[in-house]
Amino acid sequence: MSSPAPARTLSDNLLLGATRLASLTWPAAGRIFPERAEYDDNQSLWVSQTADYRPGAPLRENITADLAIIGGGFAGVSTAYHFSRRYPEKRVVLLEAKSLANGASGRNGGLMLNWLASMPDHSPEMTRRVYDMTSAGIRMIQAIIERHNLPVSHRSDGTLTVYTDARRAEAAHAEAEYHQQLGIPSQYLDSAALKQHLDLQGVSGGLLDPDTGQINGAQLVRSLRPVLIEQGVAIYEGTPVLSIREGATITLATPHGEVRAQAIALATNGYTMKLGYFRDAIFPLHSHIFATTALTPEQQAALGWRRYAGYSDDLDRIAYSSLTNEGHIVFGGGSNAAYDYCFRNRTVFPGAPESTAGMMRQIKDTMAGYLPGSEDISIAYRWTGTLGFTLNRNPLMGVRGAHQNVYYAIGFCGHGVTLANVAGQVLTDLYSRDDAHWRGLPIYQTGYVPIPPEPFRWIGYQMYTRLTGRSPRL
Ligand SMILES: Cc1cc2nc3c(=O)[nH]c(=O)nc-3n(C[C@H](O)[C@H](O)[C@H](O)COP(=O)(O)OP(=O)(O)OC[C@H]3O[C@@H](n4cnc5c(N)ncnc54)[C@H](O)[C@@H]3O)c2cc1C
């Protein structure tokens, strides 16, 4: 699930050079290619399992706050949760454009994973620190569910990275041994061992991470709403922040009211650039994904899926899949067709889900390649979600601004189920100036590889993905 930052190839270096050159056009690009914020309705399996949820009322007055959080996904809700527990006396406001979990947190593949998408190095110290951070994050999510008795479907019987290439499988074997020396419980399964529990075709072996699992993110986020309200957080749904005016007191404009806050937290992931922040750090990548009808345990066994919450593969256009407690197989990725970038950073995929039928067939073919027989299973839900993508695939968490009062936790790529839930602890510690625990981690107060503006952004994405079959990564 973690991979080292790969050595740069000639095409990577060319891309980096072209990116830096194109970045010179930023001042003109914003005027020539204006953008607007868009939010579509979440059509996922996950929200279908929160059918009783009714979004709260929008903001309709002018208010003040000590901390105003923008965005009601994992990052925003976890920030509201941890901050309001540490500072019960402070006024915390959470503003969400649509409804809680309408973004990626309610649209993902459900895999609750360890590690970062990209490790800066594999030294024993860094390996241990990153593992400890994410495994504590998973335990924290589970503890919150237990503490508040939340109705969240989840399982923790392990996930796998599976290897379609014998050499990469051998490297994973060595990685598992290295982890074990460090006291990390990774386990290598050769193809025969893997077959007994999860019979995937074309796979040479798998790296099992036994304490990871799968979770319904929409249930987690939405069932935390009454807990947050109890902790004193004021939540306004249907309240897009339209603009931010920075200062010692920050002013947020929304359609029917203003918030004047001493500090804000950007928890807007793939939508962040619409507020004028991190425009050269993140781009919205659309991932198309589906869930099958619920399979009985007998049907799961007949397909060869007898154990484990999910898997992802070792290919660059990563395929990922999980099996819910209710028996739905969730599957996404696996080819260029499974992902899209839309001109001018559109955060809504046009026409979804109708326009994605052809792509969904390709994604289903990828699933059938791993699980022959699954081609006959009906798709019950198909949806598209917006990932906040950085070029090195790691998130950015920190604080910025002349008054050091603009906190942010964004750019989680395909690894945010655990990490965006950890974000609330990170930002609360940073606010408290009690952040020694996070210093030196490659997600904390770091720089980023710049992404050029339009039209180079769109042209670069299309050319790179078509020519290499990979997603841009530097
Ligand atoms: C299809 C798909 C599959 C994925 N699979 C996995 C997986 O299996 N495992 C994994 O670890 N990760 C996965 N991810 C990534 C993971 O879901 C995200 O990294 C994580 O949910 C990010 O959480 P977030 O709170 O930062 O963002 P989001 O959940 O996107 O929340 C941002 C919120 O901000 C709101 N917002 C934006 N702008 C404004 C504004 N101006 N005013 C008010 N509100 C605003 C949005 O409406 C949204 O609700 C997947 C993502 C997708 C899309």
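In what sense do strand 13 and strand 18 pair, and over how many bridges? Strand 13 and strand 18 pair in the antiparallel sense, over 10 bridges, where two strands count as paired if DSSP finds at least two bridges between them. Helices (H or I, at least four residues) and strands (E, at least two) are DSSP runs, and they are numbered from the N terminus. The model is a predicted one, in which local features need pLDDT of at least 70 and side-chain atom pairs count only at pLDDT 80 or more, while totals for chains, interfaces and linings use all residues. Residues are numbered from 1 along each chain as its sequence is written.

Strand 13 is a good place to begin. It covers residues 283–292, and 10 of its 10 residues are buried; a residue is called buried if 20 or more other C-beta atoms lie within 10 Å of its own, exposed if 12 or fewer, and partly exposed in between, with C-beta atoms placed from the backbone. F283, L285, S287, I289 and A291 point one way from strand 13, whereas P284, H286, H288, F290 and T292 point the other way. In the pairing with strand 18 (379–389), T292 stands opposite I379. Strand 13 is also joined to strand 16 (residues 329–333) by 3 bridges, and these two strands run antiparallel, with F290 standing opposite F331. Another 2 bridges join strand 13 to strand 17 (residues 339–340), again in an antiparallel run, and here S287 stands opposite Y339.

The loop between strand 12 (257–266) and strand 13 holds D280. Why is D280 classed as partly exposed? D280 is given that class because 16 other C-beta atoms lie within 10 Å. Leaving aside residues up to four places away in sequence, D280 touches S23, W26, P450 and I451, where contact requires that the C-beta atoms of two residues, placed from the backbone, lie within 7 Å. D280 and F389 are 109 residues apart in sequence, and 11 Å separate them in space, C-alpha to C-alpha.

A further set of strands can be followed from strand 5 (residues 159–163), which is joined to strand 14 by 4 bridges and runs parallel to it. In strand 5, 5 of 5 residues are buried, with T159, T161 and Y163 pointing one way and L160 and V162 the other. Across the pairing with strand 14, T159 stands opposite G310, and the bridge partner of V162 is D313. Strand 5 is joined by 5 bridges to strand 7 (residues 205–209) as well, and those two strands run antiparallel; in strand 7, L208 is the bridge partner of L160.

Strand 14 (residues 310–313) has G310 and S312 pointing one way and Y311 and D313 the other way, and all are buried. A hairpin through 5 residues joins strand 14 to strand 15, and strand 14 pairs with strand 15 (residues 319–323) in the antiparallel sense over 3 bridges. In that pairing, the bridge partner of G310 is S322 in strand 15.

An open sheet is formed by 3 strands in the order 3-8-4, with antiparallel pairing. Its edge strands, each pairing on one side only, are strand 3 (111–112) and strand 4 (154–155). Strand 3 is joined to strand 8 (residues 213–215) by 2 bridges, and Q214 in strand 8 is the bridge partner of L111.

Turning to the helices, helix 4 (residues 74–86) and helix 12 (residues 416–431) pack at an angle of about 35°, with their axes 7 Å apart; axes are lines fitted to C-alpha atoms, for helices over the stretch in contact, and angles run from 0 to 180 degrees between N-to-C directions. The residues making this contact include F74, Y81 and R86 of helix 4 and G416, L427 and Y431 of helix 12.

Finally, 45 residues surround the ligand, the closest being G71, G73, G103, G385 and G416; a residue is near a molecule if its C-beta atom, placed from the backbone, lies within 6 Å of it. Helix 4, strand 13, strand 18 and helix 12 each supply at least two residues of this shell, and helix 12 gives the most, with 4 residues.
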